[in-house]
Amino acid sequence: MASEKSSTFNYIIVGLLVVNLCITSYLALRPASFSATTGSAKTKVDVSELEAGSFANEVVKLYNKKDNVALYAKFDNLAKAQFSQEQLNAQLNKLYPLIGTISDATFSDAVVAESSGGRDYYNLNYKVRLTGGPFNTGDMKLTVIRRESGLSLIGFFVNGSSR
């Protein structure tokens, strides 16, 4: 019984660490003065379902291979300025045993997370099937920015549930 409580506590701690990384990235990228009209001025999401699916497949493939170096390279320079390769490695190494492998990711929707300095940030939301860990389903959110070369990763969040 005590080990079950410890395990749950560990899941909560790692989940909070991942949430902290996402929130820190978001707050660091947020403009100093943000007006309500700026966020609602442009609400069209400039990401197709096909593009979102293809981007997620690339990220999931790197995550499942535990290729932290290539996954870090996928992050935009704006995100890399907020955390190092070593910090990402430490977070992912805690996440792998808790989440396991992402065996399937299905795109559900996309929303404009924020518009700042002429840039739009999008949250791409997915439902995921997980294997090799304590959870069998979950959610994945990729925060991205559009660059000339395509989508670039700003944030990566995965959580599991035992449904």
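The following paragraphs describe the strands of one sheet, their pairing and the helix packed on them, as seen in a predicted model.

The sheet is open and has four strands, arranged in the order S1-S2-S3-S4 with antiparallel pairing. Its edges are formed by strand S1 (101-116) and strand S4 (150-161), each of which pairs on one side only. From one strand to the next, the twist averages 20°. Against this sheet packs helix H6 (residues 85-99), which touches S1, strand S2 (119-131) and S4. The direction of H6 makes about 50° with that of S4.

It is convenient to walk through the sheet pair by pair. S1 and S2 run antiparallel and are joined by 13 bridges. Within this pair, Ser 115 is found opposite Asp 120 of S2. The two strands form a hairpin with two residues between them, and Gly 117, located in the turn, has a positive phi of about 55°.

Moving on to the next pair, nine bridges connect S2 with S3, again in an antiparallel arrangement. Here Tyr 126 faces Met 140, a residue of S3. S2 and S3 also form a hairpin, with five residues between them; in its turn lies Gly 132, whose phi is positive at about 80°.

The remaining pair brings the walk to the edge strand S4. Strand S3 (residues 137-147) and S4 run antiparallel, and eleven bridges join them. Among the residues involved, Arg 146 has Leu 151 in S4 as its bridge partner.

How values were computed. Residues are numbered from 1 along each chain as its sequence is written. This is a predicted model: local features need pLDDT of at least 70, side-chain atom pairs count only at pLDDT 80 or more; totals for chains, interfaces and linings use all residues. Side-chain values use heavy atoms; hydrogens and water are left out. Two strands pair if DSSP finds at least two bridges between them. Axes are lines fitted to C-alpha atoms, for helices over the stretch in contact, and angles run from 0 to 180 degrees between N-to-C directions. Contact means heavy atoms within 4.5 Å.
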